[in-house]
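Here is a friendly walk through one protein, written for someone who likes to have numbers beside the picture. Have the viewer open and follow along.

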Amino acid sequence: MEIEQKYELVLKAYHNAYAKYSLFQVGALVILKDGHYFLGSNVENASYGLTNCAERSALFAAYSNGYRKDDILELVLIGKSNDFLYPCGACRQVICELMPQDATITLFKLTKLYKQIKVKDLMPYLFDERELNAE
Ligand code: THU
């Protein structure tokens, strides 16, 4: 997918954010190897702790539609911040389990400026399923 289309789609997710309490909108886009994609937005609640971040919304949508880790090519993210908007700690944990470690994460500023990192850059000392099976 061209960078221009990624920007347009993730911006759509940004505008779909339900962020009436923080007023901080975040958009995410999960791109699949087969060409399909899913948008995700942050969805807040009057019971604040029930908020779902944009990254998790998009990844859960992909998984809910039957896609799995090896089907995922890329995660795209957009939000308004001083630096690029990086995923929060909870989302990093989820991203590291649900996406391949060498998959790309594209981070857009609202201005369309972007940078790219890898999933494996997010979490040193990751807790994952290997620990659950430790002897
Ligand atoms: N938020 C995200 O959607 N993703 C992040 O990685 C950072 C935080 C949302 C959660 C909440 O709705 C708002 O941004 C402010 O924290």
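Is Leu-23 buried or exposed? Leu-23 is exposed, as its relative accessible area is 68%. Please keep in mind throughout that this is a predicted model.

## The overall picture

Let us begin with the fold as a whole. The protein is built from 4 helices and 5 strands, and from the N terminus on these elements follow the order α-β-β-α-β-α-β-β-α. The radius of gyration is 15 Å, close to the 14 Å given by the globule rule for 135 residues, so the protein is as compact as a globular protein of that length. Along the principal axes, the C-alpha atoms fill a box of roughly 45 × 40 × 30 Å.

Of the 135 residues, 44% count as buried. Among the contacts with a separation of 6 or more, 62% come from residues 24 or more positions apart. On the outside, the protein exposes about 7700 Å², and carbon and sulfur atoms supply 52% of that area. As for charge, there are 15 positive and 17 negative side chains, with the centres of the two sets lying 6 Å apart.

## Two helices and their cover

Helix α2 spans residues 54-64 and is mostly covered, with 8 of its 11 residues buried. The buried residues are Ala-54, Glu-55, Arg-56, Ser-57, Ala-58, Leu-59, Ala-62 and Tyr-63. So much for the list; what lies over them? The cover on the buried residues of α2 includes β1 (26-32), β2 (37-41), β3 and α3 (89-98). Just after α2 comes Gly-66, which takes a positive phi of about 100°.

Helix α3 has its own buried residues: Cys-91, Val-94, Ile-95, Cys-96 and Leu-98. Their cover includes α2, β3 and β4 (104-108). Helices α2 and α3 thus appear in each other's cover.

## Two buried polar residues in strands

Where is Glu-74 placed? Glu-74 is in strand β3, which covers residues 72-79. With a relative accessibility of 8%, Glu-74 counts as buried, because the cut-off for buried is under 20%. The side chain of Glu-74 makes a polar contact with the side chain of Thr-106, at 2.6 Å. Leaving aside residues up to four places away in sequence, Glu-74 touches Lys-6, Leu-29, Val-30, Ile-31, Met-99, Thr-104, Thr-106 and Gln-116.

Ser-41 lies in strand β2. Its relative accessibility is 11%, so Ser-41 counts as buried. A polar atom of the Ser-41 side chain lies 2.7 Å from the backbone oxygen of Ala-13. Beyond residues up to four places away in sequence, Ser-41 touches Ala-13, Asn-16, Ala-17, Val-26, Asn-52, Cys-53, Ala-54 and Ser-57. Two of these partners, Ala-54 and Ser-57, are listed among the buried residues of α2.

## Residues in the loops

Back to Leu-23, where this tour started. Leu-23 sits in the loop between α1 (3-15) and β1. Its phi is near 60°, a positive value in a residue other than glycine.

Tyr-125 is found in the loop between β5 (114-118) and α4 (129-132). What is the phi of Tyr-125 near? The value is near 55°, again positive in a residue other than glycine. Tyr-125 counts as exposed, with 85% relative accessibility.

Cys-88 lies in the loop between β3 and α3. Which residues does Cys-88 touch, not counting residues up to four places away in sequence? The partners are Cys-53 and Glu-55. Cys-88 and Glu-55 are 33 residues apart in sequence, while their C-alpha atoms are 9.2 Å apart in space. Glu-55 is one of the buried residues of α2.

## Accessibility side by side

For quick reference, here are the residues discussed above with their relative accessibility.

| Residue | Relative accessibility | Class |
|---|---|---|
| Glu-74 | 8% | buried |
| Ser-41 | 11% | buried |
| Cys-88 | 32% | partly exposed |
| Leu-23 | 68% | exposed |
| Tyr-125 | 85% | exposed |

Terms used
Residues are numbered from 1 along each chain as its sequence is written. This is a predicted model: local features need pLDDT of at least 70, side-chain atom pairs count only at pLDDT 80 or more; totals for chains, interfaces and linings use all residues. Side-chain values use heavy atoms; hydrogens and water are left out. The radius of gyration is taken over C-alpha atoms; the globule rule is 2.2 Å times the number of residues to the power 0.38. Buried means under 20% relative accessible area, exposed over 50%, partly exposed in between (1.4 Å probe, protein chains only). Contact means heavy atoms within 4.5 Å. Accessible areas come from the Shrake-Rupley method with a 1.4 Å probe; for residues, only the protein chains shown count as cover. Lys and Arg count as positive and Asp and Glu as negative; His and the chain ends are not counted. The place of a charge is taken as NZ of Lys, CZ of Arg, CG of Asp or CD of Glu. A polar contact is a pair of N or O atoms within 3.5 Å; within protein, one must be able to donate a hydrogen and the other to accept it, and residues adjacent in sequence count only if both atoms are side-chain atoms.
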